[in-house]
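Biologist: I would like a close look at a single part of this protein. Please keep the sentences short and take me through it step by step.

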Amino acid sequence: MAITPATYDITVQRRSDHQESIKLTDNNGTAINLTGFTIAAQVWSVDRTKKFADWTVAFPNRTNGEFTIKLSSAQTTTFFPDKLAYDVLVINGSGLKEYYLEGSIIMSEGYTST
């Protein structure tokens, strides 16, 4: 059975670190145990001609379906134009690949720098 990815659009400040905390659940709201799973996530131009970044993925609680995706300030500094696309690919222990999340990244200009 194929997964229909959820859509979640986010706003990211250019030149900032950005993190999204995500919890995967099934249709009944029960957490998906992510033990043995891997997750990949990338940022692309909307027309998919240029890859801007790979998100860093961490698992604070695999058994409860929780993971985070992170971008560094060095990465977000390079995010031009002002609208990009991303998705999250989940790969189970058997190698089945399914997209669980996708959306737009709207860039907001950060003005303060250090």
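Biologist: Is Glu109 buried, partly exposed or exposed, and at what relative accessibility? Please start there and work outwards.

Modeller: One thing before the answer: this is a predicted model. Glu109 counts as partly exposed, because its relative accessibility is 28%. The cut-offs matter here: buried means under 20%, exposed means over 50%, and partly exposed lies in between.

Now look at its partner. The side chain of Glu109 meets that of Arg15 in a salt bridge, at 2.8 Å from N to O. This pair links distant parts of the chain: Glu109 sits in the segment after β9, Arg15 sits in the loop between β2 and β3, and 94 residues separate them. Side chains of opposite charge can pair when their charged atoms come close. Arg15 is partly exposed too, because its relative accessible area is 34%. Its backbone deserves a look. Arg15 has a positive phi of about 70°, although it is not a glycine.

Next comes a second bridge. The side chains of Asp82 and Arg14 meet at 2.8 Å, N to O. Asp82 lies in the loop between α1 (73-76) and β8, and Arg14 in the loop between β2 and β3, so this pair ties together parts that are 68 residues apart in sequence. Their surroundings can be compared by accessibility. Asp82 has 44% relative accessibility, so it counts as partly exposed. Arg14 has 2%, so it counts as buried.

Step back to the whole structure. A search finds four salt bridges. Another of them joins the side chains of Lys51 and Asp54, at 3.1 Å from N to O. Salt bridges that share partners join Arg14, Arg15, Asp82 and Glu109 into one network. Lys51 is partly exposed, because its relative accessibility is 37%. Asp54 is partly exposed as well, because its relative accessible area is 37%.

Stay with the loop that holds Asp82. Pro81 is found in the loop between α1 and β8. A cis peptide bond joins Phe80 and Pro81, with omega at about 10°.

Now move from Glu109 back into the strand before it. Ser104 lies in β9, which covers residues 97-108. Ser104 is buried, because its relative accessible area is 16%. Leaving out residues up to four places away in sequence, Ser104 touches Tyr8, Asp9, Ile10, Lys83, Leu84, Ala85 and Tyr86.

Take Tyr8 from that list. Tyr8 is found in the loop between β1 (6-7) and β2. At 42% relative accessibility, Tyr8 counts as partly exposed. Beyond its neighbours within four places in sequence, Tyr8 is in contact with Glu20, Tyr86, Leu101, Glu102, Gly103 and Ser104. The C-alpha atoms of Tyr8 and Leu101 are separated by 7.0 Å, though the two residues are 93 residues apart along the chain.

Then there is Ile105. With residues up to four places away set aside, Ile105 touches Ile10, Val12, Val43, Trp55, Asp82, Lys83, Leu84 and Tyr86. Asp82 is on that list, and Asp82 is also the partner of Arg14 in a salt bridge.

Ile105 leads us to the core. The largest nonpolar core has 25 residues, and Val43, Trp55, Val88 and Ile105 touch the most other members. The elements that give two or more residues to this core are β2 (10-13), β4 (38-45), β5 (51-54), β7 (66-71), β8 (83-91) and β9. In soluble globular proteins, nonpolar side chains tend to be buried together.

β9 has another place to visit. Both β9 and β3 (18-23) supply at least two residues each to the lining of the largest pocket. That pocket has a volume of about 250 Å³. Its lining has 15 residues, and Ile3, Thr25, Asn27, Ile32 and Tyr100 lie nearest its centre. By type, the lining divides into ten nonpolar, three polar and two charged residues.

To close, return to where you began. Glu109 is partly exposed at 28% relative accessibility, and its side chain meets that of Arg15 in a salt bridge. Glu109 belongs to one network with Arg14, Arg15 and Asp82.

Conventions
Residues numbered from 1 in each chain as written. Predicted model: local features only at pLDDT ≥ 70, side-chain atom pairs only at ≥ 80, totals over all residues. Heavy atoms only, no water. Helix = DSSP H or I, 4+ residues; strand = E, 2+ residues; numbered from the N terminus. Buried < 20%, exposed > 50% of the residue type's maximum accessible area, 1.4 Å probe, protein only. Contact = heavy atoms within 4.5 Å. 1 Å grid on protein atoms, 1.4 Å probe; cavity = no way out; pocket = protein on both sides within 12 Å on 5 of 7 lines; lining within 4 Å. Points joined across faces, edges and corners; volume = space filled by probe spheres on them. Nonpolar A, V, L, I, M, F, W, Y, C, P; charged D, E, K, R; others polar. Core = buried A, V, L, I, M, F, W, Y, C linked by side-chain atoms within 4.5 Å.
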